[in-house]
Each structure stands twice: as C-alpha cells, then as structure tokens.
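User: I keep meeting words like "buried" and "paired" without knowing what earns them. Can we take them one at a time?

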Amino acid sequence: MKPLARKKDIIVEELPGETVIFDKKNNKVHCLNSIALTVWANANGKRSIADLAKIVAAESDCPCDDAVIESAVHQLAEAELIEETSTEKLLSRRDVGRKLALAGSCAALVATIVAPTPAKASSQDPTGWHTAHRSDGWFWPEPTAFNGAGKGSPKYQFGNRRTKRHHVPNLRNS
Amino acid sequence: MKAGNSSRPGKASGILNSGCTIPGVNLPNGCSNSGFALSSYGVRIAIETNEPGILKRIPEDLLPGATMAGSRKADVRFFISRDDEHAKGFALYEDRRPIAHARSLPQLLVTLEAAAQHAVARLCRKHVFIHAGVVRWKGRAIILPGRSFSGKSTLVLALVRVGATYYSDEFAVVDTKGRIHPFSRRPHVRTASGQKLRRKLQAASPDTGGKLPAVAECTVAVCKYKPCGRWKPRSMTKGETLLELMGNTVVARTRPEDSLKILAKLVRKSTAFKTVRGDVGESARALLMHVNSRTPGMKGTRL
C-alpha cells in the first residue's frame, strides 16, 4: 500500500504540535497530531508504510512502529484526506486496533468535526417558544406561538405547521 | 439610542423612505414605508415598517453597540408589517422573504432581535462571531462555547454574580488580531416557565452601559452540564481548542480561511480546558478559581 494524500480543496493552519485542516469538499475540520501530519505531508503515492515509518522516526527522533503508521493512514483515509484508490489494501479498523494494542501505542491521531451552518451556530429561540428549523436555516414559530393554540386544543387539530405557513403571502412567486 | 423616538439622533439622516415595498402587503392610505438603519460591526441593517407606530416599540438595545447609519445602502432589510388579511398579527420579512409571524408585536420583536443579531454575525467581514458566552475576569476573557440549551447564559450570569464583567451570552466577537470584543445584549435564558425567569433576569441584568474594552488574552472553558456533575477540568491542546471554536463559529462554512486564521491567532495565546459541571453557582466559583490558578500573576488571588 502506497498512500497518496489529497491536498485539493483544503485549508491548512499550523499550531504548535498540531495542524488543523479544513476540507472544503465536505465542510469537515480535522486536527492532525505531529505523526498524522508527517504521514499526510509525505504520502505521495510512492512511499510505502515502511518508508513513512522511517520518515516519522527521523522527525520525532524515536522509533515508530508500522502499526502506528497504518493507524494514521487508516484514520486519514476515514477523514478523506488520503485518496481512496491508494488505500485499496487498507486494513480493517479491528486489525489496526489489534496491531496498535500489540505495539502499545495510542490510537487518536486525527480528530474530526463538521463545521456548523450559520444557523446552527446561534441560539434559535431566545424566548422559549417552540420553533422549528427550516430547510433554509432560519426558523418559524410553531402553532403554539403562531395562532395562540397549544397542542391538544381544537384549533391545533385543524392546522399543522405547513398549512399555517401558507397564510403568509408567498413573495417568491409574486 | 432609542428606536422610533422623535429625538433619535440619526432621524434626519438615518430615516429610510426607500420604498422597500413588499408585494401583497397593503400600505395604509397616504402612508409610505418608514424606518431607520443601524450599523453594528460594519454591518448595516435597515428596519422598515408600513406602520410608523411600530418603530416606537422597537427596543433600544436591538443590536448591542450599534450606531445609526446614514446610508440607504443596507446589507439586510427587515420589514415588519401588520397582517390583517391573512393570519391577523404581525409578519417579519428579511430581504422580502417572510421569516416569522406572530400574533403580538412583542413576540415578533424578539424574533427581530435574534434575526438582526444573527445577520450581523453572518455578514460581518472584519470579525468572526463564535457562538459562546463571554465574561471578563481580571483583564482576561473567559469564553464559554456551546450549542443552544447548553447552559451558556446561565453560567455567564452566575459568573457575573460572582464578580466577572458581562461581555455576551450569545457571541464572542473576535477581531483580526485575535482580540475579544463585547456583544452585550440582554441575557436570554430559556426554561419552561421562561417569562417569569426573564423578568427576574431583566431586573438583575448586568451593567452594559459603558464601552467595554477588547481583551487580548483569554481562557476557553468547555463546560458540559450534567445533573450532579463533578468539576474535573482537563487541559485541552491548541488543536482541540481550535476544533471546539470552529464547531461554534457562525461563518465556519462560508468563510473558512478567515475563521481558521483568526481563531488560530486567538488559540495561540489562550489556555483551554474542558469539564463536566453540575450546579451553576459552584461551577462559576470553581471556574474562576481555575482561571486564577492557571494564569501567571493571578495565583492565590481570592474571588
């Protein structure tokens, strides 16, 4: 297996001992530790796992087991930072875990989150009303606030959220 | 600044009569749209209505730290209309798009406040807005990032009661140098019996009158509420901190380059920890003690 790093549509920000990568393709943010970063930076599709282990060992001044590199490649592939075609013979997560346990190494080399949409990164409902997320990211009061009828009241039974929305003129078509 | 007041300083220059008509909304006879424009963090927001009486009821602190804007060019236009024909109540439009409807005006104004503040956070070009509570403690900002309903406002108010200075319970505003600016809106706390608590909070709302300075150094505290949770802080690495902040940044997707660059500047000079918290009063004291113990020159300082 000769992994090839994906470096397109990516923003890199270096920090002391770690590197944060934003993937524009899927809006994910990854935090790579020094081992994962060295593997990612040197995975050019021509270097094998053993070659990468030597590079990591040289940079960190301590021997590095192949299992750690395989784990890094596995985690980078899961984070879509390694081209899929270059990791056809990738070990399963269980095999990687077993090898890591035998080598006595830690596992977490890449941490990932999904960047929030603008609407997700703010308080949606400052009053405590029941509100609903809309597909375009903003919100619309549910019938409780909308027509003064709570769940269980006769008014509520004859109108759901969708029908109530149409009471406001649709300006997009006019 | 008093919205809708005849003594409004920018009334002569800031008043709008731009003819931002909404199709389907009837203007009263002989009446055109009226409104005003505000500028906050470089984002100009126009608020218009077809009923001038509504303007007088718009709260003074709709946008924290905003000034009247003289220009007619607004980045976002909000329009409030009385809607008698369809659902009987008030409708709110953002750039001609209906975004909310309420039976009473106070309900709609709360939505307007949230929408206007969100628009500033979304459209601001020079600052990055993180969804977080912020207080200042002995010259250092304490940032409490977290999603909605994670207890940010409650913890912020508890910190203020212990002696910290209120900066925001909604957004940490970070400039290009990585400094934290205030966004001192009225604190909002949501509970099942929200109205009662809201009145209580308004009575005890922190002083936000004076201009608060930007803060260069900060501590990021990721506190997750658990009933009977034990305070057990664990230091976070710079990378973990940046991930946590990016996960609560409004423009993380729309301006990832700027967000990463600015937040990295903030993270490089900050300390960070995460913990589970239980009771808010005890947590506030423990948090400040922790900040004291980890900050050079503040060790042994009493609360």
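User: What makes strand 5 of chain B largely enclosed by the rest of the structure?

Analyst: Here, 6 of the 6 residues of strand 5 of chain B are buried, so the strand is largely enclosed. Buried means under 20% relative accessible area, with exposed over 50% and partly exposed in between (1.4 Å probe, protein chains only). A strand is a DSSP run of E with at least two residues, a helix a run of H or I with at least four, and both are numbered from the N terminus.

User: And what kind of model is this, and how is it labelled?

Analyst: It's a predicted model, where local features need pLDDT of at least 70, side-chain atom pairs count only at pLDDT 80 or more, and totals for chains, interfaces and linings use all residues. Residues are numbered from 1 along each chain as its sequence is written, chains are lettered from A and ligands numbered from 1 in the order written, and side-chain values use heavy atoms, leaving out hydrogens and water.

User: Why do B:Phe79 and B:Tyr93 count as an edge-to-face pair?

Analyst: Rings of Phe, Tyr and Trp (its six-membered ring) pair if their centres lie within 6.5 Å; planes under 30 degrees apart are stacked, over 60 edge-to-face, the rest tilted. The whole structure has 7 aromatic pairs over all chains. For B:Phe79 and B:Tyr93, the centres are 6.3 Å apart and the planes make 65 degrees, so the pair passes on distance and is edge-to-face by angle. B:Phe79 lies in strand 4 (residues 76-83) and B:Tyr93 in strand 5 (residues 89-94) of chain B, so the pair ties together parts that are 14 residues apart in sequence.

User: How do you know whether B:Phe79 is buried or exposed?

Analyst: Its relative accessibility is 3%, which is under 20%, so B:Phe79 is buried. B:Tyr93, at 1%, is buried too.

User: What makes strand 4 and strand 5 of chain B a pair?

Analyst: Two strands pair if DSSP finds at least two bridges between them. Strand 4 and strand 5 of chain B have 6 bridges, in the antiparallel sense, so they qualify. Within this pairing, B:Arg82 stands opposite B:Phe90. Strand 5 and strand 6 of chain B are antiparallel as well, over 5 bridges, and B:Glu94 has B:Arg97 as its bridge partner.

User: Why is the pairing in that sheet of chain B called mixed?

Analyst: The sheet is open, with 6 strands in the order 3-1-2-4-5-6, and its pairing is mixed. Strand 2 (residues 43-49) and strand 4 of chain B run parallel, joined by 5 bridges, while strand 4 and strand 5 of chain B are antiparallel. Generally, strands of a sheet pair through backbone hydrogen bonds, either parallel or antiparallel.

User: What makes strand 3 and strand 6 of chain B edge strands?

Analyst: Strand 3 (67-68) and strand 6 (97-102) of chain B each pair on one side only.

User: How is the sheet in chain A arranged?

Analyst: That open sheet has 4 strands in the order 1-2-3-4, with antiparallel pairing. Strand 1 (10-15) and strand 4 (110-114) of chain A are its edges. Strand 1 and strand 2 (residues 18-23) of chain A are joined by 6 bridges, and A:Ile10 is partnered with A:Asp23.

User: Where is A:Leu81, and what does A:Leu81 touch?

Analyst: A:Leu81 is in the loop between helix 3 (66-78) and helix 4 (93-103) of chain A. At 0% relative accessibility, A:Leu81 counts as buried. Contact means heavy atoms within 4.5 Å, and among the residues A:Leu81 touches are A:Ile10, A:Ile21 and A:Trp40.

User: Why is A:Lys7 said to sit over the ring of A:Trp40?

Analyst: The rule asks for NZ of Lys or CZ of Arg within 6 Å of the ring centre and within 35 degrees of the ring normal. The charged end of A:Lys7 is 5.2 Å from the centre of the A:Trp40 ring, so the distance part is met, and A:Lys7 is listed as sitting over that ring.

Conventions. Lists of a residue's contacts leave out its neighbours within four places in sequence.
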